[in-house]
Amino acid sequence: METMRERFVATASDLLDADPRLAVVLADISAEQFAPAAAKHPGRVINVGIREQLLIGVTGGLALAGLRPIAHTFPSFLVERPFEQVKLDLGHQDVGAVLVSSGASYDMASMGRTHQAPGDVALLDTLDGWTVHVPGHPDEAEALLRAAAAAQGRVYVRLSGESNREPQVVRPGRFAIVRQGSADAAGTVVAIGPLLDPTLEAVADLDVTVLYATTVRPFDAATLRLVARRTAKADVVLVEPYLAGTSDREVNEALPDVPHRVLGLGVGREELRRYGTPAEHAAAHGLDASALRRRIAAFLG
Amino acid sequence: MTNTMQTAPPPPTAPPPMTAYGYADLRRLMALMTGDEKHDVAATSTLDVLWVLYDRVLRVDPRAPEAPERDRFLLSKGHGPMAYYAVLAAKGFIDEDLLRGFGSFDSPLGHHPDRVLIPGVEIGSGSLGHGLGLAVGTALGLRLRGLDRPQVFTLLGDAELDEGSNHEAIAYAGAAGLDSLRAAVIDNASATHGWSGGIATRFEREGWTTRTVDGRDHDALEAAFADTRPGRPHAVIAVVEPKN
């Protein structure tokens, strides 16, 4: 299957054809893949070289000049390394931009910590005004990229090498109710992006509501409140492909008047210092189907 | 904030229209702003360059602070902005009365400028090393929009050049031949470890043209800003009295 990153290159190239306000900004990564688009649209695919501070500075400047820039590299180099530029050159200047990462938490498992950024969403959470999309399939990635390009404001699209088998219909900003638990259900499980498949496998024989999120910021509190009212218990399990606990606060703010417990599953904070494959890292973080089954069942009781 | 927009204001083709204020008024205007005395020297170091830019070089108009064809001036050296605010007041972008509230809770005039609060201010600054990268993006964006006339000026300090982000911008701008880009560097010898070989060489090595001039000589500054070449960004190093 085509990867989300490949779909991003194809979609962005298509968008460059259609919308003269768009420009793509790179820091060497994916530059080769963008070469055809760069040739077709001189000046609109800007590769600044291995200069991540400039990547974001140029993105801010393009926005100040009236364009809609799409900046891209791995999340560690897009969000973490130039974080002050994200804070000041985008947020403080009050401009809109689209940041698209590929690599997620452990796609590049054998590369080690320097190329892994499970903390990216949590870091952006310290800033105001960010929409964050976490697609679970290349089709979803394309839909969310198109929505981001057409929107105003600051949008982060977090692409991943892991993918669900089938795409869901995406309504940007809204959780999908994949399964409604019975009135006696133990609670709600919110699966984010590529973790939908292992989550569904994990809860196949549990009486729970399952929500699917491809937009995590803003957090669709309204849908969570709606489904929480339908079940006996309002306990919530989050299954996030980035740092565990990232969205716990969002759940609490969605259910301030409803007694509930929260189990925030995701990537651990401790550096594993292991290589191998993404599947091995998922297992190590307890995010494969069997570990999810064990942890969710133990929590919901 | 005063912003007397008329219908269909003219696109800026020259420096701002004459106002009642001249260079001689700037000290008095600056004296209205108290509370940031730590940066008095930083403020006065920029005074003459700012005046020459706004009085003789920048094609901007306070009646149309958002005109697409305007020149862009980005104050990257954002601390001690009293000279900047004084010049903006003298040129009609802000009202003199605003200067008295400098730094107070409700004032739009902070000890570092905010582009969201002040008409005519292109970027918020205060953390050093951000203006040049933003300027590179602005220059690229204007070119993509087919706006070939506007020039993009950035004012920096010699100590500010310590920040590595500047050098990312300098190298890329030279490689890309961004000839709408103009950097003005105030050199008051405040960089802790200095610049061996001088500041101009940092730009020249990356393909910029440069001029190094007395930062208090208005005619020399005007000529230095004009001494550009097609296909190359341009830097003016304005030397003033050492900070210490």
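**Exercise 1. Which residue in strand 2 of chain A is the bridge partner of V24(A)? Then work out how strand 1 of chain A is paired and covered.**

Step 1. The bridge partner of V24(A) in strand 2 of chain A is V45(A). Keep in mind that this is a predicted model.

Step 2. Now zoom out to the strands. Strand 1 and strand 2 (residues 45–47) of chain A pair in the parallel sense, with 3 bridges. Strand 1 of chain A also runs parallel to strand 3 of chain A, and here 5 bridges join the two. Take L26(A) as a sample: its bridge partner in strand 3 of chain A is H72(A).

Step 3. Look at the side chains. In a regular strand they alternate between the two faces of the sheet. In strand 1 of chain A, L22(A), V24(A) and L26(A) point one way, while A23(A) and V25(A) point the other way. Both sets are buried, so the tally for strand 1 of chain A is 5 of 5 residues buried.

**Exercise 2. Why does V25(A) count as buried, and what is it in contact with?**

Step 1. Place the residue: V25(A) sits in strand 1 of chain A.

Step 2. Apply the cut-off. A residue is buried if 20 or more other C-beta atoms lie within 10 Å of its own. V25(A) has 28 other C-beta atoms within 10 Å, so it is buried.

Step 3. List the contacts, skipping neighbours within four places in sequence. V25(A) touches I46(A), V48(A), L55(A), V58(A), T59(A), P69(A), I70(A) and A71(A).

Step 4. Check sequence against space. V25(A) and V45(A) are 20 residues apart in sequence, yet their C-alpha atoms are 5.9 Å apart.

**Exercise 3. What span should helix 7 of chain A have, and what do its buried residues pack against?**

Step 1. Helix 7 of chain A (residues 138–150) has 13 residues, so at 1.5 Å a residue it should span 18 Å. The expected span is 1.5 Å times one less than the number of residues.

Step 2. Compare with the model: the end C-alpha atoms of helix 7 are 18 Å apart, which agrees.

Step 3. Pick out the buried residues of helix 7 of chain A: P138(A), E140(A), A141(A), E142(A), A143(A), L144(A), L145(A), A148(A) and A149(A).

Step 4. Find their surroundings. These buried residues pack against helix 1 (4–18), strand 1 (22–26), strand 3 (68–73), strand 4 (97–102), strand 5 (130–133) and strand 6 (154–159) of chain A.

**Exercise 4. In what order do the 5 strands of the open sheet in chain A run, and which helices pack on it?**

Step 1. The order is 7-9-8-11-12, with mixed pairing. Strand 7 (176–179) and strand 12 (262–267) of chain A are the edges, each pairing on one side only. Neighbouring strands are turned against each other by 25° on average, direction ignored.

Step 2. Go to one edge. Strand 11 (residues 235–243) and strand 12 of chain A pair in the parallel sense over 5 bridges, and V237(A) stands opposite L263(A) of strand 12.

Step 3. Add the helices. Helix 9 (residues 221–228) of chain A touches strand 7, strand 8 (187–192) and strand 9 (209–213), and its direction makes about 175° with that of strand 9. Helix 12 (residues 289–300) of chain A touches strand 8, strand 11 and strand 12, at about 150° to the direction of strand 11.

**Exercise 5. How many residues of domain 1 of chain A are in contact with domain 2 of chain A, and how many of chain A with chain B?**

Step 1. Set the bounds: the domain assignment gives domain 1 (4–159) and domain 2 (176–300) of chain A. Their centres, taken over C-alpha atoms, are separated by 27 Å.

Step 2. Count across the domains: 23 residues of domain 1 are in contact with 21 residues of domain 2. Helix 6 (120–124), strand 5 and helix 7 of chain A each supply at least two residues on the domain 1 side. Strand 5 gives the largest share, 4 residues. By type, that side divides into 11 nonpolar, 7 polar and 5 charged residues.

Step 3. Do likewise for the chains: 25 residues of chain A are in contact with 22 residues of chain B. Helix 3 (52–64) and helix 5 (83–92) of chain A each supply at least two residues, and helix 3 gives the most, with 9. The chain A side splits into 10 nonpolar, 10 polar and 5 charged residues.

Terms used. Residues are numbered from 1 along each chain as its sequence is written. Chains are lettered from A and ligands numbered from 1 in the order in which they are written. This is a predicted model: local features need pLDDT of at least 70, side-chain atom pairs count only at pLDDT 80 or more; totals for chains, interfaces and linings use all residues. A residue is buried if 20 or more other C-beta atoms lie within 10 Å of its own, exposed if 12 or fewer, and partly exposed in between; C-beta atoms are placed from the backbone. Two residues are in contact if their C-beta atoms, placed from the backbone, lie within 7 Å. Two strands pair if DSSP finds at least two bridges between them. Axes are lines fitted to C-alpha atoms, for helices over the stretch in contact, and angles run from 0 to 180 degrees between N-to-C directions. Ala, Val, Leu, Ile, Met, Phe, Trp, Tyr, Cys and Pro count as nonpolar, Asp, Glu, Lys and Arg as charged, and the others, Gly among them, as polar. Domain bounds come from an automatic or database domain assignment.
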